[in-house]
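Please open the structure in your viewer and keep the selection panel at hand. The tour below moves from one selection to the next and says what is to be found at each stop.

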Amino acid sequence: MRQAHHHSHHIAQQLNTLTMSAPQDFKSLQDGVQKSLVSTVKYANRIAAEDLAFQRTVNPDAAEQLDEKSARLLELSTRLLQSAARACGVSGPKLEDAEDIDMHWQGVVDVVDSVLEKADTALDEYTGLIKRKEPPSDAVRYASLSPKIIPISNLPQASKPKRTKSTSKVIRNANVVKPQTLFEVQPDNFPTGPWKPILTQKPHAIVPLEESLVTFTDEDGSTQYKHPYESEIRQMSYPGSAFEVAEPIPWQPVETTTAKWVDTYEGVLDMLKELKKAKEIAIDLEHHDFRTYTGLVSLMQVSTRQQDWIVDTLQPWRHKLEVLNEAFADPSIVKVFHGAYMDMVWLQRDLGLYVNGLFDTYFACEQLGYSGRSLAFLLSKFADFDADKQYQLADWRIRPIPEEMLYYARSDTHYLLHIYDQVRNDLVSSSNRSVPEQDLIGRALQKSRDLSLSRHVHPGYNEETGEGPRGWYNYVLKHSHLSYDAAQFTMFRTIWKWRDDAARKEDESPNFVLGTNHLADICRSSPPDAKALHSLMPLTAPLARARINEIWERVLEASQNPGPSLLQFFASIAPDSATRNALPKPGRDLTKLPELGGEIAYRSLPRSRLFGDMPISSRWDGSRDVDEGVNDEVPFPWQRFVASVQEGADVVEDVPEPVEPEVPAAAPPVPVEEDEEFTLKRGTKRKSESAPDEDSETSEESDSDEDEEGDKPMEPAPTDGVIEIDEDQSQSRKQRKAAKKQAALEIQQKREAKLAKKAQRQAEKEQQKLAADKKYNAVPFDYSKATSVMHAKRDNAAAEAALPVKPQKVFDPYSKTGDDLMKGARKAPPIRGERSATFKK
């Protein structure tokens, strides 16, 4: 206790020094505080927490010291938390006693989280991942104003910035101003009709633009606009170079070439002139979808055989980039993408660009059966380049973009044309153009053509079924183990609807407003009031935490008319009414599931064909009112062998005709080997009341008795409730019954003989027992001949001395101990000291 008190006092002095004045050497102060803290914890752990109450009782000084030091530590903690809270702009909790720690624990967590977030932001500003508050350096200003991205090595020595520490953290939501607020064409998060292409002109058109912008009804029954270049894409022909094997063209060295940064409309026009001269161009996009509802194309990388461009697609005039359709929609130029499924939609949604002449290297990997289909795999296979994917999910809205991120963006398209040459050669070499199944290059190009016909539609969902890009159907289908009841499922759908409305209004993604997993956990907990709902909201959902009352009002309103539970919802949806995005197509051919809660009718015959007139259950008596027109009975396996005795021909009509087993005609019937027919009758026992067989009987007798007992006929029973095997020859049955009676008589005689033997053996056993009782005579114990108890050790020693001496094994130091078997540990020697030796001789 004293040592712990001494060390805690030393820590208090160190912390007091830290808070009162700024130390000259922080490292030495940190080491001293850490050393004292370790010592204090070490000594304090020697006292169990359960013993503190005892120490307080027996030692008043210890109680006083514990209270004093606890108050001191709480005071220091309060001062530290309030100081950190003021720096972060939040309110810090006040800890007056130990109970306040539990009561205000959430406040402590908020202060610590705020400190960590502020430190994280400061590190991001230091490393350049987000915009600094101070003016940028000359190098950064030069790089942002120039249309070219000049390597750092080419800058003047005075302009070179200090090499900042490379961060491996992926910035998902950087603290930057939303660029969409400055767009000349604002995104529409509350559309009133189908999405209309933003094209104003249509280069390389076969059908004019006015005739292309027409609506149609899709397979889901909704009205949508057609693809503006649908006719052109379907009628296009790939250039002949796409079907020829040619020497792959190597890429330009990265060290001696630069990528041009395009952030002006004039730069776009200059790039377009170069693109129109190329035969193949490589394109890739960087997208952001966390701080916007519909998503943003943040960057576009374009490469030819000679030059790389990085286009800033967050400029206010971004809609003017549709001028690039002069190259993108030109069918004579092959546009190389990798995994362009979403790229086709993003280009037409944000930039009004359409691709005609697409070659997706992903489909080439698929047709060739490569072990990997990612771009990183192709870069490693054909370019010997290991792609650094740490910035794959980075926030590409950051301006200026750090050098590491620019290098990653450029590498996506710099090597892609060389990869196109390699996979095209493999496809052409492995293809047989005359056989459609072996035409690999044709199939890859056809899949690419179909992919380029993708259309963008407004994101939304059906509030009743939850189907759609923003719906909850796929989530509950994947997480059906949640098993929400009616109240929980109603709350889930209500908060999901509020989240979508709030995301549209604030132009945020639904996951930024409130994560889906957090939403599911909240509904599973079923908070009873707004305060409980607020306590369940995560700190990463500031928009939801600030609108608790609005959310709770919607929940209360929806709870007045609760909907079905999750299980009832799945049961009420027929697969044939589901859309193609919700369930696979084969599932739509299934039969609709019965609705839960409805009455299920059970069909019952007036008389059981298996149990006769015996009542099965009184619960089924009312089911006889069911429509008797239902004739689709389920045949049981034994139905063809069973025939009712009382129903006669009326019942036999419903039963299939008996099928006789095939018997060879040449072999005469042998009664012994033939399966004998039997009759089950109700109310009689198959065996007569008799004593069980004796265990001493031989196995042969037992077997024979069992066989004979099994053949014993049963007493006649009432005719109702009888099930017997149908027979065709009545004469053979009478003969068998007579033989059975004769066998039963012999069995009765054998049993009587066995009972007589049993009685005789029991009488002999009783006589033997009486004779043994008479032979026993009690003999008194002779203490003179008993062994000694006090001198047992000496007697044993004398007896051991008389035994021959066993030869001792000689120790061999050169023997291998590994050859011996493993032995257990030797028994510890007894303690010799502190024992009485009164009786020792």
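Buried is used here for a relative accessible area under 20%, exposed for one over 50%, and partly exposed for values in between, computed with a 1.4 Å probe and with protein chains only. The model is predicted, so that local features need a pLDDT of at least 70 and side-chain atom pairs count only at pLDDT 80 or more, whereas totals for chains, interfaces and linings use all residues. Residues are numbered from 1 along each chain as its sequence is written, and side-chain values use heavy atoms, with hydrogens and water left out.

**The whole chain**

Begin with the complete chain, which has 29 helices and eleven strands; helices (H or I, at least four residues) and strands (E, at least two) are DSSP runs, numbered from the N terminus. Of the 841 residues in the chain, 34% are buried. The chain exposes about 55,300 Å², of which carbon and sulfur atoms supply 54%, where accessible areas come from the Shrake-Rupley method with a 1.4 Å probe and, for residues, only the protein chains shown count as cover. A contact means heavy atoms within 4.5 Å, and among the contacts in the chain with a separation of 6 or more, 70% are between residues 24 or more positions apart.

**Ala409 and Asp284**

Next select Ala409, which lies in helix α15 and is buried, with a relative accessible area of 0%. Leaving aside residues up to four places away in sequence, Ala409 touches Leu299, Gln301 and Trp396. Now add Leu285 to the selection: its C-alpha atom is separated by 8.7 Å from that of Ala409, although the two residues are 124 residues apart along the chain.

From there move to Asp284, in strand β4 (residues 280-288). Is Asp284 buried or exposed? At a relative accessibility of 13%, Asp284 counts as buried. Its contacts, again not counting residues up to four places away in sequence, are with Leu299, Met300, Gln301, Asp343, Asp412 and Thr413.

**The loop between α14 and α15**

Select the loop between α14 (375-382) and α15 (403-414), where Pro400 is found. Most residues other than glycine have a negative phi, and most peptide bonds are trans. The peptide bond from Arg399 to Pro400 is cis, with omega near -5°. Asp384, which lies in the loop between α14 and α15, has a positive phi of about 55° although it is not a glycine. Asp384 is exposed, with a relative accessible area of 71%.

**Helices α13 and α16**

Two packed helices are described by the angle between their axes and the distance between the axes. Axes are lines fitted to C-alpha atoms, for helices over the stretch in contact, and angles run from 0 to 180 degrees between N-to-C directions. Show helix α13 (residues 361-368) with helix α16 (residues 416-429), whose axes come within 10 Å and cross at roughly 35°. This crossing of α13 and α16 is left-handed, a term for a near helix turned anticlockwise from the far one by less than a right angle, with right-handed used if it is turned clockwise. Thr361, Ala364, Gln367 and Leu368 of α13 meet Leu416, Val423, Asp426 and Leu427 of α16.

**Helix α19 and its partners**

Finally, centre the view on helix α19 (residues 486-506), which packs against helix α24 (residues 548-559) at an angle of about 140°, with the axes 9 Å apart. The two helices are therefore oblique to each other, given that angles under 35 degrees count as roughly parallel, over 145 as roughly antiparallel, 65 to 115 as roughly perpendicular and the rest as oblique. Helix α19 passes α24 in a right-handed crossing. On the α19 side the contact residues are Thr490, Met491, Thr494, Ile495, Lys497, Trp498 and Asp501, and on the α24 side Glu550, Ile551, Trp552, Arg554, Val555 and Ala558.

Then swap α24 for helix α21 (residues 516-525), whose axis comes within 9 Å of that of α19 at a crossing of roughly 145°. The crossing of α19 and α21 is right-handed. Gln488, Met491, Phe492, Ile495, Trp496 and Arg499 of α19 make this contact with Thr516, Leu519, Ala520, Cys523 and Arg524 of α21.

The last stop is Ser526, in the loop between α21 and α22 (530-536). Ser526 has a phi near 55°, a positive value in a residue other than glycine, and is partly exposed, with a relative accessible area of 33%.
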